[in-house]
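Take a look at the model below. How do its chains meet, and how do the helices at the contact pack?

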Protein chains: 2
Amino acid sequence: MGELKVVNLGLESFAENLRAKGAAAVQVRWKPPAGGDTAMIAALDRLAAGAAVDVEAANLEAVSRILKGKPTLVDVGVALEVIPGMTKTTILHAGPPITWERMCGPVRGAVIGGLIYEGLARNREEAEALAASGRIRFDPCHHHGAVGPMAGVVTASMPVWVLENAAFGNRAYATFNEGLGKVLRYGAFSEEVLARLKWIETDLAPIMKRALALHGPLDMKNIIAQILQMGDEGHNRNRAGTSLIIREFAPFLVRLGEDPEKIVKVLNFMNGNDHFFLNLSMPACKCTVDAARGIEGSSVIIAMARNGTDFGIQVSGLGDRWFTGPASMVEGLYLPGYGPKDAAPDLGDSVITETAGIGGFAMAAAPAIVQFVGGTPEDALAVTRRMYEITVTENDVYRIPALDFRGTPTGIDLRKVVETGILPAINTGIAHKDAGVGQVGAGLVKPPENCFKDALAAFAEAYAR
Amino acid sequence: MGELKVVNLGLESFAENLRAKGAAAVQVRWKPPAGGDTAMIAALDRLAAGAAVDVEAANLEAVSRILKGKPTLVDVGVALEVIPGMTKTTILHAGPPITWERMCGPVRGAVIGGLIYEGLARNREEAEALAASGRIRFDPCHHHGAVGPMAGVVTASMPVWVLENAAFGNRAYATFNEGLGKVLRYGAFSEEVLARLKWIETDLAPIMKRALALHGPLDMKNIIAQILQMGDEGHNRNRAGTSLIIREFAPFLVRLGEDPEKIVKVLNFMNGNDHFFLNLSMPACKCTVDAARGIEGSSVIIAMARNGTDFGIQVSGLGDRWFTGPASMVEGLYLPGYGPKDAAPDLGDSVITETAGIGGFAMAAAPAIVQFVGGTPEDALAVTRRMYEITVTENDVYRIPALDFRGTPTGIDLRKVVETGILPAINTGIAHKDAGVGQVGAGLVKPPENCFKDALAAFAEAYAR
């Protein structure tokens with residue numbers, strides 16, 4: 001009889017015990033699909049056995065629309081005038097739908113700020129009473145073609161960037177980034193915050209609108225392709241993007257014939273805030289991914305978003321239905337004086353960047369981001385590499401130099417997420433849990449697994465034969 | 001007798017033959033020092049046996065001065081007024097000293113253009129006659145604290161950036177980058193080239209001088225640290241650097257109260273030329289490295305430069321003496337319609353960036369550069385890693401995210417270059433060999449080995465006991 005040679009599958013301790021006894025044992029790296037969740041395995045099996053429509057073909061159609069997308073900055077408008085379905089008493093917020101009662105601290109803070117900004121309330125108490133009264137309609141940004149970072153609050157008078165997907169004609173909207181520190185999107189609503197919002201409305205936005213009109217439509221796809229060669233990933237690192245926007249617009253700002261001090265203030269504002277670009281990359285991603293909505297039989301995820309209470313996803317083949325789970329806590333680095341106990345759960349629509357294949361999915365392009373969100377440059381490479389396992393394709397324009405110009409992982413396939421247990425990688429800012437404070441850090445967050453499983457169950461229900 | 005097991009050193013074919021016969025043979029990767037050059041081995045041995053001064057200590061002093069350097073943009077001036085030793089009939093050029101007779105095509109072209117620009121000649125023929133007459137003094141930029149990309153021609157009326165090493169008080173100078181295409185530095189001297197130089201003199205430089213005065217001194221060390229996180233290496237990739245300069249100066253340009261169309265033209269000029277930053281990174285490196293000149297016993301290289309005919313180096317402990325070898329041909333990528341037969345040999349002072357530890361030495365920070373100079377991103381990482389073998393230290397401020405924020409390899413030790421046979425990695429533009437044409441490509445170049453060997457022989461002569 002020959003020597004005992006064992007190939008072990010499953011619990012590694014069996015192999016370890018054999019090795020301890022001197023026997024040769026090889027451990028096979030294998031995990032059961034869906035972490036062994038029998039309901040999920042059944043759903044995956046039913047889909048694999050043959051769906052009512054061709055899921056693979058539907059997904060290829062979805063990603064082909066994403067790749068064809070031509071996000072273009074075309075205008076600056078006022079929310080009430082340009083966002084479909086907007087009213088004077090509507091407040092848009094980040095993430096899936098939520099009631100005032102269930103909103104987290106920073107979203108409440110931003111709603112309070114928004115109501116005071118609109119003149120619908122004079123102070124916190126009035127705003128809270130009004131918000132609770134039922135006379136304000138709360139609606140997700142995503143339901144109106146909009147996206148908002150962190151609290152994501154958009155009110156009627158706020159100016160918004162207007163992006164158009166030139167390949168499909170659909171539009172997306174986002175407010176102007178307010179900068180760092182005490183800002184509405186992190187739930188701050190002090191006078192300083194409201195005064196800045198007013199200046200954005202009266203000065204910054206009209207000036208940028210005129211400069212953009214002189215400049216003509218700006219091809220955001222080209223800009224995003226460039227920033228990925230310049231150390232940005234378009235979500236939490238936007239220094240290159242903001243720089244390119246400034247150099248693109250500076251000559252046109254000078255040409256406006258405007259009071260030079262106003263132009264100086266605009267330039268200083270952009271120069272002083274490296275996240276100025278975030279509120280352009282987000283709607284660029286939104287209008288790109290929206291073109292892949294509602295494709296019969298597609299399991300591609302076309303929205304991920306958080307309201308600080310719930311994390312939600314939408315799937316191309318499942319209409320506008322949200323699948324939600326509890327918003328997670330973010331693992332990351334904190335600003336001096338703050339720690340995990342101060343943090344609100346995961347918040348904001350900025351995960352639209354990951355949904356479109358940049359942001360956390362393109363971290364390999366932005367190794368310096370780890371100084372902001374934690375980890376090592378090697379981790380950043382690993383994050384991007386892992387995302388290829390849950391996506392349908394690779395972008396043909398957005399390329400990552402450090403991965404030998406491989407395209408960014410694009411088109412998250414719900415089935416792959418559940419089967420592999422690999423959750424989408426998201427990097428994000430961390431808001432203070434209380435209304436009125438602001439940002440306390442940044443890091444990486446794992447979305448709740450159950451929303452993907454619930455979505456897969458619904459997908460199998462809808463499409464498995 | 002046991003089995004034959006061989007450890008082979010030297011010619012690998014011995015080991016291969018043994019392996020072919022079934023014997024175990026291990027090949028040791030070993031090369032004789034200095035490629036087996038006995039004169040060089042003797043020089044290295046004499047130095048290792050004990051030098052008249054402590055070379056290690058002298059080199060640590062040299063790199064400590066380089067690391068302490070604070071390159072700062074302080075002013076814009078006119079060459080005649082600010083560059084020490086400049087006269088109306090002096091023409092500064094790149095590289096080590098060279099006579100008109102030995103100058104390559106593009107340097108001759110730039111000299112012709114410079115003489116016409118100065119009004120010293122009316123056309124090519126007059127310029128060539130004057131250049132050959134002995135009435136023009138040709139001098140290396142490096143002899144006047146200046147550096148010039150490619151031909152590097154500086155004439156009396158040209159405006160120059162004035163950089164100061166705030167830690168040591170020494171200054172460096174460089175002209176304004178003219179952009180791409182037909183430009184003086186690549187040897188073009190058509191009317192278009194001369195008109196642009198005139199505009200730089202009458203508009204761009206005075207405007208930037210006033211903007212800089214409003215802005216105050218600009219910390220270039222901080223900017224260079226940032227660009228290395230943004231995909232630039234400061235020699236052949238300068239998109240981030242140029243972007244940061246634009247966003248830094250735009251508000252101050254607006255404040256000048258100047259004719260808006262002039263400001264627009266300045267902004268468009270900078271926006272249209274990603275190498276605008278090169279002529280700032282070069283003097284920043286020059287004033288940094290110059291502080292390490294003339295240290296008794298130091299084998300740190302404090303200048304590398306090429307005039308298209310000769311490649312030359314200077315060594316800290318050997319005064320201002322040049323050691324030269326024939327300028328090499330560049331291996332790289334060519335613009336459409338051009339090939340190696342069109343190329344002039346290696347040219348320009350821009351290798352001051354590598355001398356200071358950025359440029360080719362920091363290619364790992366700029367993986368996208370391979371689209372311009374050839375190779376793969378993995379090659380770019382390998383180039384930087386190899387340079388640690390011939391340098392004394394690592395920069396404490398200039399860090400490379402992809403190498404886990406390791407500092408750039410800094411302070412080239414002449415002894416290590418000769419001992420290992422690893423030549424400094426240089427990336428560079430390629431000029432057309434004929435006067436008047438311009439850039440035809442970009443790539444990587446190997447400097448001639450003999451100048452390093454000659455310098456080592458002189459160093460041993462000067463310092464070995």
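The paragraphs below go from the contact between the chains to the packing of two helices. Keep in mind that this is a predicted model.

Start with the contact. Chain A gives 26 residues to it, and chain B gives 26 residues as well. Look at the side of chain B that touches chain A. Two elements there supply two or more residues: helix H9 (239-255) and helix H10 (260-271) of chain B. H9(B) contributes the largest share, 10 residues. Sorted by class, this side of chain B holds 16 nonpolar residues, six polar and four charged.

Now the symmetry. Chain B superposes on chain A after a rotation of 180° with 0.1 Å of shift along the axis. The RMSD is 0.1 Å. This is the relation of a two-fold axis. Both copies use the same surface: 100% of the contact residues of chain B recur in chain A. To find the rotation axis from chain B, go to Met230(B). Its C-alpha lies 2.2 Å from the axis, closest among the residues of chain B.

Finally, return to H9(B) and see how it packs within its own chain. Its partner is helix H7 (residues 191-215) of chain B. The two axes come within 9 Å and cross at roughly 105°. Angles of 65 to 115 degrees count as roughly perpendicular, so H7(B) and H9(B) are roughly perpendicular to each other. H7(B) makes the contact with Ile207(B), Ala211(B), Leu214(B) and His215(B). H9(B) answers with Phe249(B), Phe252(B), Leu253(B) and Arg255(B). By class, the residues of this contact are six nonpolar, one polar and one charged.

Methods: Residues are numbered from 1 along each chain as its sequence is written. Chains are lettered from A and ligands numbered from 1 in the order in which they are written. This is a predicted model: local features need pLDDT of at least 70, side-chain atom pairs count only at pLDDT 80 or more; totals for chains, interfaces and linings use all residues. Two residues are in contact if their C-beta atoms, placed from the backbone, lie within 7 Å. Helices (H or I, at least four residues) and strands (E, at least two) are DSSP runs, numbered from the N terminus. Ala, Val, Leu, Ile, Met, Phe, Trp, Tyr, Cys and Pro count as nonpolar, Asp, Glu, Lys and Arg as charged, and the others, Gly among them, as polar. Copies are superposed by least squares on the C-alpha atoms of residues with pLDDT of at least 70 in both. Axes are lines fitted to C-alpha atoms, for helices over the stretch in contact, and angles run from 0 to 180 degrees between N-to-C directions. Angles under 35 degrees count as roughly parallel, over 145 as roughly antiparallel, 65 to 115 as roughly perpendicular and the rest as oblique.
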